[in-house]
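Thanks, everyone. Let's put the structure up and talk about packing.

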Amino acid sequence: MRNMAMAMALPSSTSPFISSSTTQKQAYNFTSSRKSLHRFVTRSTLSDDLFLAAKHTVDSYVKNGMVVGLGSGHASTLAIQYLGQKLRAGTVKDVTAISTCVSSASEAAKAGIPLEQYDDSFKIDIAFDEADIMEEETLAAIVGRRKLQGDDSIIKEKTILEAADQLIFIIKEKQFKGGVEGSIPVLIKSVNWLETAEEIDDLFLGDAEVWRRPAIGYAGPLGGDFPLVTKEGHNILDVIFTSPMESLVEVAKILDQIDGVVEHGVIFRKPCTAIIASENELQIVDNTFLMESSNF
């Protein structure tokens, strides 16, 4: 069995960041030592670093006439609210939004952002979201750890994010990890779900625990008396890695090959940009160079 618990978090010396010497918004570009990620840093005196990241996302990437995918989480809420302010002020015009979840649809409605229902005919110019965690080496991200509300769907969220021409994740520094651990939500067919769960458990034996997500009450291996059933009729397994994974991308590939697995919460695509909020500065990282330098 592939040992998924051998990875160690990358030391900070392997991924240096350059900061400007002033409090003005300036950018410095360089390629990482692995020639895989493109990074720069901006500094600011603003106290709300996550708002700064959300503001930078909207100011830098959302243009007139765009169709924008709206993600979930607090960072996305801040970006949606700021986008609404820009639309009301007329500094950006003719933007249409497609929400990935109930909360982003609600925030967009309150912010006065026109909404459309997603279908395959839509060309989505840009989508932003808050990842639960991101893998520093590849910018692979996990979404779907949070509790689903109403008609929320991990499948819908991933579909919209992956359909966008440009994908932006807005995260805090603590969500950007050299070695990713914790849970990956895995959607499985509810029929014969236990067989699928046991196969996943065998594949990652000793490295991860497999729990079926409950609709109410406490989580556990079997999901209690009221296991969660998604709007599509699937169960969700939380595959909980207790040690850093060697590669989040490789784990996603393994999950893709398992009978009974419908979808999972890992997103890895190129190009992708991470806007990372840390104390008084932003780190902007993209994986453009991965298209030339890796075989993922």
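Start with V68. This is a predicted model. Which residues does V68 contact, leaving aside its neighbours within four places in sequence? The list runs V62, V95, T96, A97, I98, I124, I126 and F128.

Now widen the view. V68 belongs to the largest nonpolar core, which has 31 residues. V68 is among those with the most contacts inside this core, along with L83, I113 and F128. So F128 appears twice: as a contact of V68, and in that group of four.

Which elements give two or more residues to this core? On the helix side, α1, α2 and α3, the last being 102–111. On the strand side, β3 at 67–70, β5 at 126–129, β8 at 166–172, β15 at 272–278 and β16 at 281–286. α2 gives the most, with seven residues.

There is another core, apart from this one. That core has 25 residues, including V180, A197, I258 and V261.

Back to the helices. α1 covers residues 49–61, and α2 covers 73–89. Their axes are 8 Å apart, and the packing angle is about 50 degrees. That makes α1 oblique to α2. The crossing of α1 past α2 is right-handed.

Who makes the contact? From α1: L50, F51, A54, K55, V58 and D59. From α2: H74, A75, L78, A79, Y82, L83 and K86. L83 is also on the list of residues with the most contacts inside the largest core. By type, the residues of the α1 and α2 contact divide into nine nonpolar, one polar and three charged.

That's the packing. Questions, please.

Conventions
Residues are numbered from 1 along each chain as its sequence is written. This is a predicted model: local features need pLDDT of at least 70, side-chain atom pairs count only at pLDDT 80 or more; totals for chains, interfaces and linings use all residues. Side-chain values use heavy atoms; hydrogens and water are left out. Axes are lines fitted to C-alpha atoms, for helices over the stretch in contact, and angles run from 0 to 180 degrees between N-to-C directions. Helices (H or I, at least four residues) and strands (E, at least two) are DSSP runs, numbered from the N terminus. Angles under 35 degrees count as roughly parallel, over 145 as roughly antiparallel, 65 to 115 as roughly perpendicular and the rest as oblique. A crossing is left-handed if the near helix is turned anticlockwise from the far one by less than a right angle, and right-handed if clockwise. Contact means heavy atoms within 4.5 Å. Ala, Val, Leu, Ile, Met, Phe, Trp, Tyr, Cys and Pro count as nonpolar, Asp, Glu, Lys and Arg as charged, and the others, Gly among them, as polar. A nonpolar core is a set of buried Ala, Val, Leu, Ile, Met, Phe, Trp, Tyr and Cys residues joined through side-chain atoms within 4.5 Å. Buried means under 20% relative accessible area, exposed over 50%, partly exposed in between (1.4 Å probe, protein chains only).
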